[in-house]
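Please open the model in your viewer and keep the selection panel at hand. The stops below are meant to be followed in order.

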Amino acid sequence: MKHIKTVNKANLKETAVKGGCGKCQTSCQSACKTSCTIANQQCEANK
Amino acid sequence: MSNSIHRFKQGDLYIILDVNSGGVHVVDKIVYDLIGLLNPPLSEEMPEEIVKILKEYPEEELKECYEEIYSLYCDKILFSADEYRQYAEMSIKAPIKAMCLHVSHDCNLRCKYCFAETGDFGTGRKIMTPETGRKAIDFLIEKSAGRQNLELDFFGGEPLMAWETVKETVDYARSVEKQHGKNFRFTITTNGMLLDDEKIEYINREMSNCVLSLDGRKEVNDNIRITPNNKGCYDIIVPKYKKLVEGRVNKDRTDYYVRGTFTKHNLDFVEDVLHIVSLGFDQLSVEPVTAPEEMDYAITEKDLPVIFKGYDRLYDIMAESVEKTGRKPFNFFHYMIDLQQGPCAIKRLRGCGCGNEYVAVTPDGDVYPCHQFVGIDEWKMGTIYDGVIDQNIANYFAKTHIYSKEGCSDCWARFYCSGGCNATSFIYDGDVRKPNKLQCELMRKRIECGIALSVKMRDGFDE
């Protein structure tokens, strides 16, 4: 495309179907402890 | 503009986020202007009024842009629908897999902004016994059901004041994890005052991550992170942190954070970020203080423009380095957003897992939904000794998600913050399900910077 570049696979909907396994880290255990951010966590299901 | 997309400019990038698919698109100015006028459902032909509104662009070019937008709309990565409510409504309570173990409700610092009320959470100064530590491990193993990866963060107060309990708890967990099919990951959050060679060696061997508190420049740190006799701690802790991190990197344990808090007194917090970097640290988290508005150090709405400028500046510094070297000069926790391998949508509905997957345990063995709820009687969930957890509280948090929190279901950032910190919402507005507007503003700004930085990192993506 000339005007739009898509950066990622945009697969959030797929992850809803396959997700929820609970293997991943709990967000508050990483660094924040006061300011929950989720999107900086990684999926560990395929590790 | 439709709330199924979010458009923003960060540095030299025009970015469109498709909220519900997670699609991130970099666009030119004409698409940026055009898309702001569109609302789904889109028709195959561009609406006639567009040409009149965007007179500055040639009609043919507008039509070309519209075709591209329409194509992505048909692919369901622009203006896609929110289909996640069904999953949220099915939410049930989850096994506990993470624990914040308050081994010490005592502290050797008197930081002025401490939410733990100088370490004891208002419940009296106490150190957890090794027996209680071991009991907490048994409790976590039992309550984790089928979860394999279990996390335990040693917290306080200052956890190094309970060093024997830390070691005995780790050793006990290591002695029983295999027979239960579990894998413990330990972390520790410390102010560094009691670090010595023995503790550094042990931490670098056993802890998968460690969080080292430091607020930045000496004068900033020492103004607020003080000893009981009113002296700053910077000169004591910085050499110890350097030694610990050096030892960690040598062991290929690269996970650590130097974590600072900024307040109204250092709204130029970017200087503190840069100072920490200048000390040789490259894993950072510097975060705004959580405090009621009446405190003199609290951040208020009036401070937002200055803070936003700071976040922009930090983004510019990091983006420039990415452009020049292909690498971030350091990791800034709040700008770390993985656009490709991030958490699944199910995790994003509920976020931190507080009161469900995550609990805090006090030196007496009392259980709370998280470390920030500790000491608030109405949120006590039970004790590790009787092993019974308040199911009403657990169920309440299971049903606390982006569709039950005020304002989240219409917010573009909902799949990045998951409704924010439950405890912060309670502390500010007395309601777990009412996210604090100030915190939301800060969060949205950081997410924009984080997404833009991730875009920079993926420069050269398929065009």
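The tour goes from one chain to a sheet and then to two pockets.

This is a predicted model, in which local features need pLDDT of at least 70 and side-chain atom pairs count only at pLDDT 80 or more, while totals for chains, interfaces and linings use all residues. Residues are numbered from 1 along each chain as its sequence is written, chains are lettered from A and ligands numbered from 1 in the order in which they are written, and side-chain values use heavy atoms, with hydrogens and water left out.

**Chain A**

Select chain A, whose secondary structure comes to 1 helix and 1 strand (DSSP runs numbered from the N terminus, H or I of at least four residues for helices and E of at least two for strands). Of the 47 residues in chain A, 57% are buried, that is, under 20% relative accessible area with a 1.4 Å probe and protein chains only. Chain A exposes about 2000 Å², and carbon and sulfur atoms supply 50% of that area, which was obtained by the Shrake-Rupley method with a 1.4 Å probe.

**The sheet**

Next, select E1(A), E3(B), E2(B) and E1(B), which in that order form an open, antiparallel sheet of 4 strands; strands count as paired if DSSP finds at least two bridges between them. Strand E1 (4-6) of chain A and strand E1 (5-10) of chain B each have a single partner strand, so one side of each is left without a neighbour in the sheet. To see the pairing of E1(A) with strand E3 (residues 23-27) of chain B, look for the 3 bridges that join them, and show Ile4(A), which stands opposite Val27(B).

**The largest pocket**

Now centre the view on Gly19(A), Gly20(A), Cys344(B), Ile346(B) and Lys347(B), which lie nearest the centre of the largest pocket among its 48 lining residues. A pocket here is an open set of points on a 1 Å grid over the protein atoms alone, where a 1.4 Å probe fits, with protein on both sides within 12 Å along at least five of seven lines, and lining residues have an atom within 4 Å of a point. Which helix gives the most to the lining of the largest pocket? H12(B) does, with 5 residues.

**The second largest pocket**

Finally, move to Asn40(A), Gln41(A), Gln42(A), Tyr257(B) and Met336(B), which lie nearest the centre of the second largest pocket, lined by 31 residues. Colour H16(B) as well, since the largest share of this lining, 3 residues, comes from that helix.

How values were computed:
Buried < 20%, exposed > 50% of the residue type's maximum accessible area, 1.4 Å probe, protein only.
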